[in-house]
Amino acid sequence: MAYKPQINIIAVVDVIGALSGGTLHNGNLSMVDNSGEESTGQGTAHLRTAVRPGQVVQWSALAVDLQTPVEIRSITFLGEDGSATPAPRTSAEGDGDKLDLAHWAGVVPPSLPSGKPFKYRLELQMYEGQYSVLHVDSPALIGV
């Protein structure tokens with residue numbers, strides 16, 4: 001496969017289904033990437049994106065229901081020991097409480113072990129309110 005300097009991961013969210021069921025599982029979250037490598041779990045919340053050291057990975061979120069906005073609130077990498085490392089955030093609108101359709105991006109470190117999933121927590125905010133934030137711990141990057 002051809003090396004791509006940037007991989008895009010898109011989280012497509014059925015916001016109405018997620019908010020109604022209180023979960024991003026049960027088909028409410030569909031994740032896809034354009035890795036060009038052997039990613040698995042395309043179209044599910046269990047996406048394993050194949051990456052190489054030095055590649056830029058950018059996440060973005062899209063709502064199925066265009067009237068209810070969704071954004072990535074945070075991405076946190078989960079260590080085997082339970083430690084969590086927040087990913088850097090880039091946004092054209094800057095930080096703030098309002099939804100700004102932010103993108104999240106990072107560079108795959110050279111220390112990423114090959115063939116081992118590096119799980120992360122994807123936290124999504126759908127509009128506003130007490131129950132508007134949901135997350136999944138199922139996606140991962142996997143070094144090739």
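This briefing describes the fold, the nonpolar core, the charged pairs, the aromatic pairs and two individual residues of the structure above. The model is a predicted one. The protein has one helix and 11 strands, and along the sequence these elements follow the pattern β-α-β-β-β-β-β-β-β-β-β-β. Of its 144 residues, 40% count as buried.

**Overall fold and surface**

- Among the contacts in the protein with a separation of 6 or more, 61% are accounted for by residues that lie 24 or more positions apart.
- The protein exposes about 7700 Å², and carbon and sulfur atoms supply 54% of that area.

**Nonpolar core**

- In soluble globular proteins, nonpolar side chains tend to be buried together.
- The largest nonpolar core in this model holds 30 residues, of which Leu29, Trp59 and Leu122 touch the most other members.
- Two or more residues of this core come from each of the elements β1 (6-13), α1 (15-21), β2 (29-33), β4 (56-63), β5 (70-78), β9 (117-126) and β10 (133-136).
- With residues up to four places away in sequence left out of the count, Leu122 touches Ala11, Leu29, Met31, Ile72, Ser74, Ile75, Leu134, His135, Val136 and Pro139.

**Salt bridges**

- A search of the whole structure finds three salt bridges, and each of them is described below.
- Glu37 and Arg52 meet through their side chains in a salt bridge, at 2.8 Å from N to O; this pair links distant parts of the chain, with Glu37 in the loop between β2 and β3 (48-51) and Arg52 in the loop between β3 and β4, 15 residues apart.
- The two partners of that bridge fall into separate accessibility classes under the 20% limit for buried residues: Glu37, at 16% relative accessibility, counts as buried, whereas Arg52, with a relative accessible area of 31%, is partly exposed.
- Arg73 forms a salt bridge with Glu123, and the closest N and O atoms of the pair are 3.6 Å apart; because Arg73 lies in strand β5 and Glu123 in strand β9, the pair ties together parts that are 50 residues apart in sequence.
- Arg73 has a relative accessible area of 40% and is partly exposed.
- The side chains of Arg121 and Asp137 also meet in a salt bridge, at 2.7 Å from N to O; here too the pair links distant parts of the chain, with Arg121 in strand β9 and Asp137 in the loop between β10 and β11 (140-143), 16 residues apart.
- Both residues of this bridge count as partly exposed, Arg121 at 28% relative accessibility and Asp137 at 27%.

**Aromatic pairs**

- The structure holds four aromatic pairs, and among them is the pair of Phe77 and Phe118, whose ring centres are 5.2 Å apart and whose planes stand at 10°, so the pair is stacked.
- This pair links distant parts of the chain, with Phe77 in strand β5 and Phe118 in strand β9, 41 residues apart.
- Phe77 is buried, with a relative accessible area of 13%, while Phe118, at 30% relative accessibility, counts as partly exposed.
- Ring pairs link Trp59, Phe77, Phe118 and Tyr120 into a cluster; Trp59 is also one of the residues that touch the most other members of the largest nonpolar core.

**Ser35, in a loop**

- Ser35 is found in the loop between β2 and β3, and at 1% relative accessibility this residue counts as buried.
- A polar atom of the Ser35 side chain lies 2.7 Å from the backbone oxygen of Ala50.
- Apart from residues up to four places away in sequence, Ser35 touches Lys4, Ile7, Thr49 and Ala50.

**Val56, in a strand**

- Val56 is found in strand β4 and, at 27% relative accessibility, counts as partly exposed.
- Although Val56 and Pro5 are 51 residues apart along the chain, their C-alpha atoms are separated by 6.3 Å.
- Leaving aside neighbours within four places in sequence, Val56 is in contact with Pro5, Gln6, Ile7, Gly106 and Val107; Ile7 also appears among the residues that Ser35 touches.

Methods
Residues are numbered from 1 along each chain as its sequence is written. This is a predicted model: local features need pLDDT of at least 70, side-chain atom pairs count only at pLDDT 80 or more; totals for chains, interfaces and linings use all residues. Side-chain values use heavy atoms; hydrogens and water are left out. Helices (H or I, at least four residues) and strands (E, at least two) are DSSP runs, numbered from the N terminus. Buried means under 20% relative accessible area, exposed over 50%, partly exposed in between (1.4 Å probe, protein chains only). Contact means heavy atoms within 4.5 Å. Accessible areas come from the Shrake-Rupley method with a 1.4 Å probe; for residues, only the protein chains shown count as cover. A nonpolar core is a set of buried Ala, Val, Leu, Ile, Met, Phe, Trp, Tyr and Cys residues joined through side-chain atoms within 4.5 Å. A salt bridge is a side-chain nitrogen of Lys or Arg within 4 Å of a carboxyl oxygen of Asp or Glu. A polar contact is a pair of N or O atoms within 3.5 Å; within protein, one must be able to donate a hydrogen and the other to accept it, and residues adjacent in sequence count only if both atoms are side-chain atoms. Rings of Phe, Tyr and Trp (its six-membered ring) pair if their centres lie within 6.5 Å; planes under 30 degrees apart count as stacked, over 60 as edge-to-face and the rest as tilted.
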